[in-house]
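Let's walk through this one together, one question at a time. Have a look at the sequence and the model first.

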Amino acid sequence: MPSTFHRSNGVCRSSVGGWRKSFRSFGLSGEAVRPWHLAGWWVHMVLVMAFIAIIPYTKLLHFVVAPFYIAITPEHRSGRLKPVSLEEVEETGRVGLAEVTDFTQRQLLSYDACTHCRRCEAACPAFATGKPLSPMRVILDIAEHGEHQGSLHGDIISAETLWSCTTCGACVHNCPVLIDQMGTIIDMRRHLVGEGQVVGSTQSALRTIASRGNPWGLPPEERADWARGLGVPTVDENPTPDVLLWVGCAGSYDRRNQQVTRALSKVLKAAGVNYSILGKKERCTGDPARRIGDEFTFLEQATANVETLSKVPFKRIVTQCAHCFNTLKNEYPDFGGNYQVTHHTEYLQELIASGKLPAAAAANVPTNSATSGTTSETKPAVGPVVFHDPCYLSRHNDGAEPVREVLKSKASGGLPIVEPERSGCNTFCCGAGGGRMWMEEQIDQRVNVARWEQLKATGAKTVAVGCPFCMTMLDDASKADADSGIEVKDIAELVAAALPDK
Ligand code: SF4
Ligand code: SF4
C-alpha cells in the first residue's frame, strides 16, 4: 500500500508532508486528505506505467536495450567476418540480407540500441567525403523498417550507399553500444552480389580472382617476376623456411609495390632470415572478394591457399600487406588454417630489437636506391616522417606501435615522426578497402585526397605506409600534388634504404 511505503521511507515522507501542506491550503486536513493522496498516487502510477509502455515506440528505446545488448555481446574482432552458413544458403536459396526477416534477432536488437549519437557518422571517411553513406542512417533505416515486409534494398538503402563503404571499421570502433555497422553493410552487399548487381570493374576483379588467383587478371606464372635475379628462394628451392614471405597480389604484380617487396627481401637477407616465397603457388587470400560480398570466391581462394600452406613446414608467415595479414591471421582459422602471422612492421621491429639489423649508414637520409634492386636512383627523404596507419593493421588489429619503434630506431636512421589529426586506431582510411580499389569514385571528394591533405598538414616530407593498398592510393594522391615534394615510402623501403653498404 502506498501509505505503508511512505511511512517506511524517510525521503518520501517529507514529500508527503509537502502534499499535506498543499491540501491544507485548500482547507483539507486529517482524514479528508487521505483519498486525495491515494488518488494522486494512482495518477502517478498510471502515468509511469504508460511512459514505460510507450518506450518501445519512441527514441528512448535504447535506454532499455543498450545496456542489455552490451551485457550479452561478447568481444568481437572487427577484422574477422562471420562466415556464411552454406547449409542456410542451400535451405533458403538466398545469400546475404535483403529483408528484415533475414536479420538475426541479435542484429535487430543491436539496431534498437542505437543512441543516435552520430559517432559512427563523424568517423566515417565515406560520409566525410560526401558519399551517400551514413552508418547511423543505415542502422536506423533497418530499425525503423522493422514492421514492414519486403526488400530493404533500393528505396530504403540504396546500392550506392552500400558500395560507398571502405570497410575501414571506424564506425564499429566508435560505437558506444557495440553495433556492427560494417558487418551489416557487407551482409547486405552479399545479397547484391548474389543478385548479380556488382558495380564497375569490380565484376572483372571478382572474375579474375576466381580464374587467375589475382584481381588484375595477370598470369599466375608471372607472380614471382618481381624477384628475378635477386636469388629469392621459392618453397621448392628452400622447403623448410623459418619465414614464409607472403607477398600478396599487389606486392607481386603492381610495379610500385614490387619495389616494396624487393626492399623487404633485401632487409630479410641483410638480417640473415631463412625465408622462402610460394611463387606461383600463392594466390589472392580472397580479402577483396569477401569484403565486396562474394563469399564463394573468397571460400575458393581460402580453401586452395590452406591446402597449399599445409604442405610447407614454415614457422611463421610474414607479409607486407595489411589485408592479407588480417585475413590469414583472423579469418583462415575458420577454414582450418591456423598460423602465426606477423605484419612486416612488427617483424622489422623484432629484427631490430634482436640486433639482427645494423644501425643505419647515416641518420635520417633514407634513399630509394635499394627499392628497385637494380636501379641506383638516390633521393634523400629528409625531414619528418608521418605514418599513415592502415585500417587493417592499426584499427582492426591494434598494431600501431611496432612501426613507430621501427621509425625511431637506429636501423632506419632515427627518423623524426609527426602524427596526423587521425592516427593509430583512430586512423582515416586511404579509400581502397572493401573492394573500393576497383570501383570508380566520382562523388564529391576522393577519400585518398582527403587523407593526403590530413597527412600533408603535418608538414612531413615523407609519408610512410605499411600496406600496398595505402601505397597505391597515397602514391596517386602525391602525383596529383607533385609540387608538395612529399614522397610516399613503405616502411620496408625506409629500412632497406638505410642499410649500410657492405
Ligand atoms: S566501415 Fe568505414 S566506410 Fe564503412 S560505414 Fe563504417 S566508417 Fe564508413
Ligand atoms: S555510433 Fe552507434 S549508437 Fe552512435 S549513432 Fe552510430 S550506430 Fe548509433
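Q: How many bridges join strand β5 to strand β7?
A: A quick note first: this is a predicted model, where local features need pLDDT of at least 70, side-chain atom pairs count only at pLDDT 80 or more, and totals for chains, interfaces and linings use all residues. Residues are numbered from 1 along each chain as its sequence is written, chains are lettered from A and ligands numbered from 1 in the order in which they are written, and side-chain values use heavy atoms, with hydrogens and water left out. Strands (E, at least two residues) and helices (H or I, at least four) are DSSP runs numbered from the N terminus, and two strands pair if DSSP finds at least two bridges between them. β5 (385-387) and β7 (462-465) run parallel, and the number of bridges joining them is three.

Q: Which residue in β7 stands opposite valine 386?
A: Stay with the parallel pair β5 and β7. Opposite valine 386, in β7, you'll find valine 463.

Q: Which strands stand at the edges of the sheet that holds β5 and β7?
A: That open sheet has four strands in the order β6-β5-β7-β8, with parallel pairing. The edge strands each have a single partner, so one side of each is left without a neighbour in the sheet; they are β6 (417-418) and β8 (487-490).

Q: At about what angle to β8 does helix α24 run?
A: Axes are lines fitted to C-alpha atoms (for helices over the stretch in contact, meaning heavy atoms within 4.5 Å), and angles run from 0 to 180 degrees between N-to-C directions. Helix α23 (468-479) lies across β7 and β8 and runs at about 165 degrees to β8. Helix α24 (491-498) also lies across β7 and β8, but its angle to β8 is about 85 degrees.

Q: What is the order of the strands in the open sheet that contains β1?
A: β1 (243-246) pairs with β2 in the parallel sense over three bridges, and leucine 244 stands opposite serine 276 in β2. The pairing in this four-strand sheet is parallel, and the order is β2-β1-β3-β4.

Q: Which strands does helix α19 touch?
A: α18 packs on the sheet, touching β1, β3 (316-319) and β4, at about 160 degrees to β4. Helix α19 (344-353) makes about 85 degrees with β4, and the strands it touches are β1, β3 and β4.

Q: Which element gives the largest share of the lining of the largest cavity?
A: A cavity is a set of points, on a 1 Å grid over the protein atoms alone, where a 1.4 Å probe fits but cannot get out, and lining residues have an atom within 4 Å of a point. The largest one is lined by 19 residues, with Cys249, Cys284, Pro288, Cys324 and Phe469 nearest its centre. Elements giving two or more residues are α14 (248-253), α16 (287-292), α18 (322-331) and α23. The largest share, three residues, comes from α14.

Q: How many charged residues are in the shell around ligand 1?
A: Of the 13 residues around ligand 1 (near means a heavy atom within 4 Å), the closest are Cys124, Cys165, Cys168, Gly169 and Cys171. Ala, Val, Leu, Ile, Met, Phe, Trp, Tyr, Cys and Pro count as nonpolar, Asp, Glu, Lys and Arg as charged, and the others, Gly among them, as polar. The shell has ten nonpolar and three polar residues, and the number of charged ones is zero: there are no charged residues.

Q: How many charged residues are in the shell around ligand 2?
A: Cys114, Cys117, Arg118, Cys120 and Cys175 come nearest to ligand 2. Besides eight nonpolar and three polar residues, the charged ones number two.

Methods:
On a 1 Å grid over the protein atoms alone, a cavity is a set of points where a 1.4 Å probe fits but cannot get out, and a pocket is an open set with protein on both sides within 12 Å along at least five of seven lines; lining residues have an atom within 4 Å of a point.
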